[in-house]
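This briefing goes through one protein model, topic by topic. Keep the sequence and the 3D view open while reading.

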Amino acid sequence: MKQFFKNIYKFWKKVYDSIQYHKQQHTLKEKLYVVIFESDTWSGKLFDIVLIGFIVASIALIILDSMHLFSSGWETFLRVLEWIITLFFTIEYILRVYCVPDKKKYIFSFYGIIDLLSTLPTYLGIFFTSANYLLLIRTFRLIRVFRVFRLFSFLSEGNLILQSLKESRKKIFVFFSFICLLALVIGTIMYVLEKDEPGTGFDNIPNSIYWTIVTMTTVGYGDITPTTSLGRFISACVMLIGYTIIAIPTGIVSVNIAKNVKGKTCKNCGRPQHDNDKSALYCKYCGKELDDNQYK
């Protein structure tokens, strides 16, 4: 019960702080930046919730439109909703470009490009009225689905996963390179063993590498199968190797997730749970500088 009232107090304190901020003498650009890019204020959280709602609605419209289940009247209604969502995304994109300090960095960032591309198809449909061109434009509307990636920026858990993947990228790259090399070697061996068999699918090295990857990942389509005894023995070994290597990337990322969850530990006061990124430079309890390389 005590924790419940504490959470209520924190919520209304954020609302109060947000109202007090907007009462202060800030420019319109600064206020918009806080609402659009900052999610730690009440107004920022509200904007994020509305934006998530429009993203989900946009994806739902794409799915419904692909099913062709509605009459012409409902089709018109869906087109109107599509224009409303498009206008919202357009205004959002313009406001982001307007209020962000580094406009070039945002415009050419991953999210900036997705924001722009997701608004273009509807407008292009005005100028290209030919049926052939319209089919192509309607296909490009699927780009809006990629706006779902923006949802990760609203969730601390999503940011935790992305941060862990970023820290694991070198290890995963080395592991992936080793797997590619292993697939090349095994595929070449299988080509040598099976290429002379009648009706074999191992008639070239690329097909043999394809079989190796399918077998190693335990998918097993069965379109290519070895017929020699040695080939089947190697096939069994590849299957066992597949069960072993699948868990390795998961373990690499899991270690970094566990490290990021615990966060930095202050050497001065010994208290953990600091933000595990470059923004946490000083201890939030005693004010001493944090060591970026120390984790508990």
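Glu82 and Arg79 both belong to helix α4, which covers residues 72-99, and they sit 3 residues apart, about one turn of the helix. The model is a predicted one. Helix α4 comes back under several of the topics below, including the salt bridges, the nonpolar core and the surface patch.

**Salt bridges**

- Side chains of opposite charge can pair when their charged atoms come close.
- In the whole structure, the search finds 3 salt bridges.
- One of them joins the side chains of Glu82 and Arg79, with 3.0 Å from N to O.
- Glu82 has a relative accessibility of 7%, so this residue counts as buried.
- Its partner Arg79 has a relative accessible area of 24% and is therefore partly exposed.
- Another salt bridge is formed by the side chains of Arg96 and Glu92, at 2.7 Å from N to O.
- Arg96 and Glu92 are 4 residues apart in helix α4, which means that about one helical turn separates them.
- Are the two partners in this bridge, Arg96 and Glu92, buried or exposed?
- Arg96 is buried, because its relative accessible area is 2%, and the cut-off for buried is under 20%.
- Glu92 is buried as well, with a relative accessible area of 3%.
- A further salt bridge links the side chains of Asp196 and Lys195, at 3.4 Å from N to O.
- Asp196 counts as exposed because its relative accessibility is 62%, and the cut-off for exposed is over 50%.
- Lys195 has a relative accessible area of 34%, so this residue is partly exposed.

**Nonpolar cores**

- The largest nonpolar core is made up of 13 residues.
- Which residues have the most contacts inside the largest core?
- They are Phe47, Leu51, Ile55 and Phe89.
- The elements giving two or more residues to this core are α2 (28-37), α3 (42-67) and α4.
- There is also a second, separate core of 12 residues, and Phe175, Leu182, Met216 and Ile245 are among them.

**Aromatic pairs**

- The count of aromatic pairs comes to 5.
- One of these pairs is stacked: the rings of Phe54 and Phe88 are 3.8 Å apart, centre to centre, with 10° between their planes.
- This pair links distant parts of the chain, since Phe54 is in helix α3 and Phe88 is in helix α4, 34 residues apart.
- Phe54 is partly exposed because its relative accessibility is 23%.
- Phe88 has a relative accessibility of 19%, so this residue counts as buried.
- Trp83 and Tyr123 form an edge-to-face pair, with 5.6 Å from centre to centre and 75° between the planes.
- Here too the pair links distant parts of the chain: Trp83 is in helix α4 and Tyr123 is in helix α7 (residues 120-127), 40 residues apart.
- Trp83 is partly exposed, with a relative accessible area of 32%.
- Tyr123 also counts as partly exposed, at 23% relative accessibility.
- Ring pairs connect Phe54, Phe88 and Phe89 into a cluster.
- Phe89 is thus part of this cluster and is also listed among the residues with the most contacts in the largest nonpolar core.

**Nonpolar surface patch**

- A nonpolar patch on the surface has about 860 Å² of accessible area in total, and its members include Trp83, Leu87, Ile113, Leu117, Leu124 and Phe128.
- The elements that contribute two or more residues to the patch are α4, α6 (110-117) and α7.
- Which element gives the largest share of the patch?
- Helix α7 does, with 4 residues.
- Leu117, a member of the patch, is located in helix α6.
- The relative accessible area of Leu117 is 32%, so this residue is partly exposed.
- Trp83 appears in the patch and also in the edge-to-face pair with Tyr123.

**A backbone angle to look at**

- Most residues other than glycine have a negative phi, and most peptide bonds are trans.
- Thr218 has a positive phi, near 60°, although this residue is not glycine.
- Where is Thr218 found?
- Thr218 is in the loop between α10 (205-216) and α11 (229-245).
- With a relative accessible area of 37%, Thr218 is partly exposed.

Terms used
Residues are numbered from 1 along each chain as its sequence is written. This is a predicted model: local features need pLDDT of at least 70, side-chain atom pairs count only at pLDDT 80 or more; totals for chains, interfaces and linings use all residues. Side-chain values use heavy atoms; hydrogens and water are left out. A salt bridge is a side-chain nitrogen of Lys or Arg within 4 Å of a carboxyl oxygen of Asp or Glu. Buried means under 20% relative accessible area, exposed over 50%, partly exposed in between (1.4 Å probe, protein chains only). A nonpolar core is a set of buried Ala, Val, Leu, Ile, Met, Phe, Trp, Tyr and Cys residues joined through side-chain atoms within 4.5 Å. Rings of Phe, Tyr and Trp (its six-membered ring) pair if their centres lie within 6.5 Å; planes under 30 degrees apart count as stacked, over 60 as edge-to-face and the rest as tilted. Patches are made of residues with over 30% relative accessible area and no salt bridge: like charges are joined within 9 Å, nonpolar side chains (Val, Leu, Ile, Met, Phe, Trp, Tyr) within 5 Å. Accessible areas come from the Shrake-Rupley method with a 1.4 Å probe; for residues, only the protein chains shown count as cover.
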